[in-house]
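The following paragraphs offer a guided reading of one protein chain. Please keep the sequence and the model in view while reading.

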Amino acid sequence: MRSLVGNLPELLLHDIMSPSRHVVLIEDATRSARYVQVLADKEGKLFVECVSNVWLDDEEDHLSLDDELRLLELGFQPPEGIDSSRPNWWWYPDEDGLALEACTKMVTVLCEIFAVRPHHHVWVRQYT
């Protein structure tokens, strides 16, 4: 986890902001249905999402009420439904250049909500 935390800002600033990358998804390797992702729009603004219970088939993977309350505390907005453009928990910065805040939110979700620890593995997937 330390290497992910340390490298996440560079990953976001270098890879996702390049013309060929638009999404970085990080999954808990032990519970791969749980993920947090960051997307970049055409202007390079970052949009962070955390999976919602809509996509989690296994009840064991579901976010608890405490998890959802913590997401609200972190500034995430609740999902707007499976048929919407925002079916996951989401955070969109009000200002440009908030890659560090996006990283902080992603790492907080991984550590506090998904309980990923330094010795755990995560999968980092990049999409265009």
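Are aspartate 67 and arginine 34 buried or exposed? In this predicted model, aspartate 67 is buried, and arginine 34 is buried as well. For aspartate 67 the relative accessible area is 13%, which falls under the 20% that bounds the buried class. The residue belongs to helix H2. Once its neighbours within four places in sequence are set aside, aspartate 67 is in contact with Arg34, His62 and Ile113. With one of these, arginine 34, aspartate 67 forms a salt bridge in which the closest N and O atoms are 3.8 Å apart. Because aspartate 67 lies in helix H2 and arginine 34 in strand E2 (residues 31-40), this pair ties together parts that are 33 residues apart in sequence.

This pair may now be placed in the chain as a whole. The chain contains 3 helices and 5 strands, and read from the N terminus its elements follow the order α-β-β-β-α-β-α-β. Of the 128 residues in the chain, 40% are buried. Among contacts with a separation of 6 or more, 60% are between residues 24 or more positions apart. The chain exposes about 7,300 Å², of which carbon and sulfur atoms supply 51%.

How many salt bridges does a search of the whole structure find? The search yields 4, including the pair of aspartate 67 and arginine 34 already described. Helix H2 also holds arginine 70 and glutamate 73, whose side chains meet in a salt bridge with an N to O distance of 3.2 Å. These two residues are separated by about one helical turn, because they stand 3 residues apart in helix H2. Glutamate 73 has a relative accessible area of 60% and is therefore exposed, whereas arginine 70, at 24%, counts as partly exposed.

Arginine 70 has a further partner in glutamate 112: their side chains meet in a salt bridge at 2.5 Å, N to O. This pair links distant parts of the chain, since glutamate 112 is in helix H3 (residues 99-113) and arginine 70 in helix H2, 42 residues apart. Glutamate 112 counts as partly exposed, its relative accessibility being 46%. Arg70, Glu73 and Glu112 are accordingly linked in a network of salt bridges.

Helix H3 offers another point of interest in valine 107. With a relative accessible area of 15%, valine 107 is buried. Its C-alpha atom is separated by 8.9 Å from that of valine 36, although the two residues are 71 residues apart along the chain. Beyond the helix, alanine 115 has its place in the loop between H3 and strand E5 (122-127). The phi angle of alanine 115 is near 60 degrees, a positive value in a residue other than glycine. Alanine 115 counts as partly exposed, at 37% relative accessibility.

The surface patches remain to be considered. Which residues form a negative surface patch? The patch is formed by Asp57, Asp58, Glu59 and Glu60. Glutamate 60 lies in the loop between strand E3 (46-50) and helix H2 (65-73). Its relative accessibility of 58% is over the 50% cut-off, so glutamate 60 counts as exposed. Aspartate 67, by contrast, is an acidic residue that is buried and that takes part in a salt bridge with arginine 34.

A nonpolar surface patch is also present: Val54, Trp55 and Ile82 make a patch of about 270 Å². Isoleucine 82 is located in the loop between H2 and strand E4 (89-91). With a relative accessible area of 46%, isoleucine 82 is partly exposed.

Helix H2 can thus be revisited through its charged residues. Aspartate 67 in this helix is paired with arginine 34 of strand E2, and arginine 70 is paired with glutamate 112 of helix H3. The former pair consists of buried residues, while in the latter pair arginine 70 and glutamate 112 count as partly exposed.

Note on methods: Residues numbered from 1 in each chain as written. Predicted model: local features only at pLDDT ≥ 70, side-chain atom pairs only at ≥ 80, totals over all residues. Heavy atoms only, no water. Patch = residues over 30% accessible without salt bridge, like charges linked within 9 Å, V, L, I, M, F, W, Y side chains within 5 Å. Areas by Shrake-Rupley, 256 points an atom, 1.4 Å probe, with all protein chains shown as cover. Lys, Arg positive; Asp, Glu negative; His and termini not counted. Charge placed at Lys NZ, Arg CZ, Asp CG, Glu CD. Helix = DSSP H or I, 4+ residues; strand = E, 2+ residues; numbered from the N terminus. Buried < 20%, exposed > 50% of the residue type's maximum accessible area, 1.4 Å probe, protein only. Contact = heavy atoms within 4.5 Å.
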